[in-house]
Structure formats: structure tokens, C-alpha cells
Amino acid sequence: MSTSFPSLFPGMLLDAASRYAEDHIAQQIQGDPVRELGWAATLVPEEAGGAGGTLSDLASIVEGLATHGLQLPVVETCAVVPLLLQAAGAGTARRWLEAVADGSMRIAPLVALSATPDHDAVTARHLDIGYELSGVVEGVDLTLPATHYLVPAQMDGDDALFLVDAERLGAPKARYRTMEGRMGADFVLERLALPEGACLARGDAVREARAKATDAALLLTAADTVAALATLIRQTVLHLKERRQFGVALASFQVLRHRVADMYVKYLGAKGLVIHCFHEYEQSAADLRRTLRLAKVSLAESARACAESAIQMHGGMGVSEEVLATRTAQRLIASEFRYGDRLLHAARLLAPHEPAPQVSLSNQTGSVR
């Protein structure tokens with residue numbers, strides 16, 4: 001019983017993330033490793049002090065962390081934030097992107113993990129002096145500390161983006177641990193008053209940036225899913241080889257071998273699908289969002305089936321969070337609900353007309369064209 005799991009995004013970033021995850025998997029997160037390791041600068045353009053990397057570079061980090069089961073909000077901090085910031089004018093965007101790259105500001109998106117960045121949860125009003133925000137945002141990632149939050153909102157039927165100081169935003173209504181081990185929180189904004197300068201941008205630029213951030217979040221979550229699937233199968237095979245029943249290894253039972261083979265076939269299908277999605281992204285495919293929705297539905301079904309099989313084959317150990325396979329199974333099930341669950345995306349696919357975001361995508365993260 002042997003399987004092969006070549007890396008999706010090999011390279012130095014993958015190796016560094018994998019080593020960090022392996023060294024810190026059993027430790028509580030201290031400080032802000034995402035920014036301390038420079039990963040937040042991955043998608044920031046070079047002219048703003050960043051690395052000028054691609055989404056594939058960021059996917060290498062995501063894969064390395066997922067391989068060893070470490071939970072860090074890389075998608076939110078390193079993809080959603082810089083992509084949303086690009087909605088601001090060139091001068092304004094560069095100022096905040098430089099702060100993201102050098103770590104002088106810790107900016108996080110005020111977006112629910114269960115919703116896409118282009119989902120409207122907050123409404124804004126333009127007052128005589130400043131603005132007023134209202135809304136409920138549930139399931140915001142609070143794993144790492146933040147000094148400021150990016151808040152997408154609807155204002156007078158148009159998209160707007162606000163930068164809010166964490167102290168002004170205040171404490172969340174509730175805090176909790178999510179299924180996969182993140183720290184989540186619910187925020188309730190009740191006529192939150194903001195100064196005039198809090199609005200970074202509005203209009204088409206914000207709409208396009210939100211669409212771009214949504215595509216990136218879906219792509220990176222898909223890469224995380226495939227990496228976690230590979231780890232889950234490896235751990236399951238190892239368990240079956242080591243555990244013995246009736247004097248023989250569990251790996252000798254044909255029915256279990258068939259179940260592992262079925263998991264591996266699902267993994268290969270998921271891997272091919274993610275590779276196709278990244279190819280579509282790099283080619284700026286016109287129907288990219290439809291491809292990502294189809295991938296979300298397919299990956300969610302495969303991941304859940306594999307997670308359930310692995311837990312069953314681990315027996316009593318399959319319900320202990322001390323076991324990596326169990327934590328990986330939780331990660332896979334939780335990923336189904338990240339950035340919209342499969343039912344939401346299936347409904348959008350079946351909708352008669354879904355307006356396509358007018359965004360010129362690129363594997364680079366320069367300004368929207």
C-alpha cells in the first residue's frame with residue numbers, strides 16, 4: 001500500500017512554510033508569524049516595498065502549512081487585504097501597501113470566513129461630516145492581532161471600502177474557536193461613526209477589487225484542500241500499516257485497501273481540478289468564476305467523503321484531536337464552508353444570470369486593468 005504525493009507548488013516558499021509548520025504544529029501561536037516571516041508582502045508590488053509575487057507563490061505557503069496541519073490566516077492577511085487595498089488610488093494604495101509589506105500596520109479584512117469578500121454584510125451612510133457603518137459580520141478571523149480592519153460596504157447602491165482603526169471598531173460581540181482551530185469573532189456595527197478619510201475608495205474600483213479578492217480566496221482555499229487531502233491519506237496509510245488486528249496489519253484487509261484507493265482517486269481528481277483552476281486564472285479566463293464555483297462543489301464533496309473515511313479507519317483514535325489525521329479531517333470539513341459553502345455556489349451556478357465581474361485577472365497582482 002503505497003501512494004505518491006508530489007507537491008502542487010514546489011519551491012523555496014513551500015519548503016520554508018513546511019519547515020515552519022512542522023516545527024510549530026504542537027505550539028500555541030506566538031506573535032504574528034505571517035508578518036514576521038514576510039509572507040504578508042508576497043502579493044504586494046515591488047514598487048510598494050513588497051515581493052511582487054504571484055498567487056502561485058502564495059499557494060506554496062498555503063500548501064506548506066496545510067501539509068502539517070498548521071492554521072494561519074494566510075489567505076485573509078496575504079491575499080484578501082492587498083487585493084482589496086488596490087481599489088484605492090495609486091498614491092493611497094501605495095501608502096497602505098507599504099505599511100502591509102513592512103509590518104508597521106496589521107490590517108485584516110472584516111469579512112466573514114463563511115462568506116466571499118464580495119458579499120455585502122455592512123451598509124454605509126455618507127453624513128455631513130464623515131460616515132456611518134451598520135451591519136453584522138459573523139465569523140471574522142481573529143487568529144492574529146490587527147491594528148486596522150478593511151471593511152467592504154454598500155453605500156447608496158455602490159461599493160465602498162473603509163479602513164477602520166481596531167480601537168474605534170471596538171471589541172467583538174462574541175469570540176470562539178472554530179472547528180479547524182482558528183479564533184473567530186462576531187462583530188456588530190451599530191451606526192459606527194468614521195471620519196471622512198476612512199473611505200479609501202468607492203465605485204467600480206472597489207467592486208473589481210472585491211471580485212479579485214474573492215477569486216483569490218477560492219483558489220487558495222482549493223489549494224489548501226488538496227494539500228490537506230494528501231496529508232490525510234498519508235496519515236491514514238501510515239495508521240493502517242502500524243495498527244494490527246487478529247495478528248496482522250490493518251493494511252492487509254482488502255476492504256480497507258479499497259477505501260484508501262478510493263480516497264486516492266478522489267485526491268488525484270481534486271489535484272487535477274486545482275491545477276486547471278490556476279491555469280484558468282493565469283490565462284485570465286472569462287468564465288473563471290464559474291470554474292471556481294464548480295471546483296468548490298466538487299472539492300467539498302470529495303473532501304468530506306475522504307474525511308469521513310479516514311476517521312472511520314482510525315477507529316477510536318479518529319475522534320482525538322491529538323491525531324494529525326483528525327485535525328486534517330476537521331480542516332477539510334471546515335474548508336467546505338469557507339468563502340461560501342457548496343450549496344451557495346451550486347445555487348449561483350443554477351441561477352439564470354449571474355453578472356460576471358469586469359476584472360482583468362492576472363497571475364501578477366498589479367492594478368486592475
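This passage walks through the overall fold of the protein, its two annotated domains and two helix pairs.

The structure is a predicted model, in which local features need pLDDT of at least 70, side-chain atom pairs count only at pLDDT 80 or more, and totals for chains, interfaces and linings use all residues. Residues are numbered from 1 along each chain as its sequence is written, and side-chain values use heavy atoms, with hydrogens and water left out.

The protein has 11 helices and 10 strands (DSSP runs numbered from the N terminus: H or I over at least four residues for helices, E over at least two for strands). Its radius of gyration, taken over C-alpha atoms, is 21 Å, close to the 21 Å that the globule rule gives for 369 residues, so the protein is as compact as a globular protein of that length. That rule is 2.2 Å times the number of residues to the power 0.38. Along the principal axes, the C-alpha trace spans about 80 × 40 × 35 Å.

Two domains come from UniProt, both from an unreviewed entry; positions follow the numbering used here, feature names are shortened, and annotations may be inferred rather than shown by experiment. "Acyl-CoA dehydrogenase/oxidase N-terminal" is listed at residues 23-103, a span that is 54% helix and 0% strand, with end C-alpha atoms 23 Å apart. "Acyl-CoA dehydrogenase/oxidase C-terminal" is placed at residues 220-328; here the chain is 76% helix and 4% strand, and the end C-alpha atoms lie 16 Å apart.

On to the helix pairs. Helix α3 (residues 55-67) and helix α7 (residues 204-242) cross at roughly 35 degrees, and their axes come within 8 Å. Axes are lines fitted to C-alpha atoms over the stretch in contact, with angles running from 0 to 180 degrees between N-to-C directions. The crossing is right-handed, meaning the near helix is turned clockwise from the far one by less than a right angle (anticlockwise would be left-handed). Among the residues that meet are Leu55, Leu58 and Val62 in α3 and Leu219, Leu220 and Arg234 in α7, where contact means heavy atoms within 4.5 Å.

Helix α9 (residues 288-313) has 26 residues that should span 38 Å at 1.5 Å a residue, and its end C-alpha atoms are 37 Å apart, which agrees; the expected span is 1.5 Å times one less than the number of residues. Gly315, with a positive phi near 65 degrees, follows α9. α9 packs with helix α11 (residues 342-350) at about 145 degrees, their axes 9 Å apart, in a left-handed crossing. Their contact includes Arg290, Arg293 and Glu301 in α9 and Arg342, His345 and Arg348 in α11.
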